Amino acid sequence: MTATERATELAIIAARAASDIKAQEIIALDVSEQLVLTDVFLIASGASERQVSAIVDSVEEALFKEGVKPIRREGKTEARWVLIDFGDVVVHVQHAEDRTYYALERLWKDCPAIPLPEDARGGGDAAEYQDPDDGAIHLAGDSRL
């Protein structure tokens with residue numbers, strides 16, 4: 001089973017909204033084989049707490065226009081790692097330092113990446129972070145690069 005078309009469409013809309021606020025290293029992972037509760041993880045980085053908060057606001061506004069409201073939001077007060085659960089799509093917006101530290105891409109390395117259009121990739125293309133040795137997606141700040 002793969003992510004539904006609707007989940008993929010919503011992930012792209014959310015990625016474009018994040019990219020509009022200059023989010024970095026935006027990737028979408030199809031987690032439908034691993035999780036029952038959601039189809040897609042969208043992961044993006046911001047350089048500061050203020051930017052993380054602005055990315056979250058932009059994503060929520062874009063998906064609200066599509067008729068989708070968040071089921072749950074965690075971490076908005078601290079704005080270091082904000083998780084927004086939209087049901088079929090879970091958006092993780094992390095401060096760049098936290099993104100490198102927690103390395104969600106490594107945790108979910110068995111899940112295929114969902115191709116994002118050029119205008120939805122932010123400041124980095126997921127292909128740039130591919131390590132041919134282990135098949136996992138790595139961030140630019142990862143010391144193993």
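E9 and R6 sit 3 residues apart in helix 1 (residues 5-20), so about one helical turn separates them. Their side chains meet in a salt bridge, at 3.1 Å from N to O. Keep in mind that this is a predicted model. The rest of this briefing runs through the other salt bridges, the aromatic pairs and the nonpolar cores.

**Salt bridges**

- The count for the model comes to 10 salt bridges.
- Back in helix 1, both partners of the E9 and R6 bridge are partly exposed: E9 has a relative accessibility of 37%, and R6 has a relative accessible area of 32%.
- Helix 2 (residues 49-65) has a bridge of its own, with E61 and K65 4 residues apart and so separated by about one helical turn. The N to O distance for E61 and K65 is 3.6 Å.
- How exposed are E61 and K65? E61 is partly exposed, with 47% relative accessible area, while K65 counts as exposed at 65% relative accessibility.
- E97 and R80 also meet through their side chains in a salt bridge, at 3.1 Å from N to O. Here E97 belongs to helix 3 (residues 96-102) and R80 to the loop between strand 3 (72-74) and strand 4 (81-85), so this pair ties together parts that are 17 residues apart in sequence.
- E97 is exposed, with a relative accessible area of 54%, whereas R80 counts as partly exposed at 22% relative accessibility.
- That bridge has company, too: E49, R80, E97 and D98 are joined into one network by salt bridges that share partners.

**Aromatic pairs**

- On the ring side, the count comes to 3 aromatic pairs.
- One of them is F41 with W108, an edge-to-face pair with 5.1 Å centre to centre and 80° between the planes. Since F41 lies in strand 2 (residues 40-46) and W108 in the loop between helix 4 (104-107) and strand 6 (113-114), the pair ties together parts that are 67 residues apart in sequence.
- Is F41 buried or exposed? F41 counts as buried, because its relative accessibility is 8% and the cut-off for buried is under 20%.
- Y101 and Y102 make another edge-to-face pair, with 4.9 Å centre to centre and 90° between the planes.
- Of these two tyrosines, Y101 is exposed, with 64% relative accessible area, and Y102 counts as partly exposed at 41% relative accessibility.
- Which residues do ring pairs link into a cluster? The members are W81, Y101 and Y102.

**Nonpolar cores**

- The largest nonpolar core has 33 residues, and those touching the most other members are I26, V40, L42, V59, L63, V91 and L116.
- Several elements feed this core with two or more residues: helix 1, strand 1 (24-30), strand 2, helix 2, strand 4 and strand 5 (89-95).
- Which element gives the largest share of this core? That would be helix 1, with 9 residues.
- Zooming in on L63, and leaving aside its neighbours within four places in sequence, you'll find contacts with L10, I13, A14, V68 and F86.
- Another core, of 8 residues, lies apart from the largest one, and its members include L29, V90, L104 and C111.

Terms used: Residues are numbered from 1 along each chain as its sequence is written. This is a predicted model: local features need pLDDT of at least 70, side-chain atom pairs count only at pLDDT 80 or more; totals for chains, interfaces and linings use all residues. Side-chain values use heavy atoms; hydrogens and water are left out. Rings of Phe, Tyr and Trp (its six-membered ring) pair if their centres lie within 6.5 Å; planes under 30 degrees apart count as stacked, over 60 as edge-to-face and the rest as tilted. Buried means under 20% relative accessible area, exposed over 50%, partly exposed in between (1.4 Å probe, protein chains only). A salt bridge is a side-chain nitrogen of Lys or Arg within 4 Å of a carboxyl oxygen of Asp or Glu. A nonpolar core is a set of buried Ala, Val, Leu, Ile, Met, Phe, Trp, Tyr and Cys residues joined through side-chain atoms within 4.5 Å. Contact means heavy atoms within 4.5 Å.
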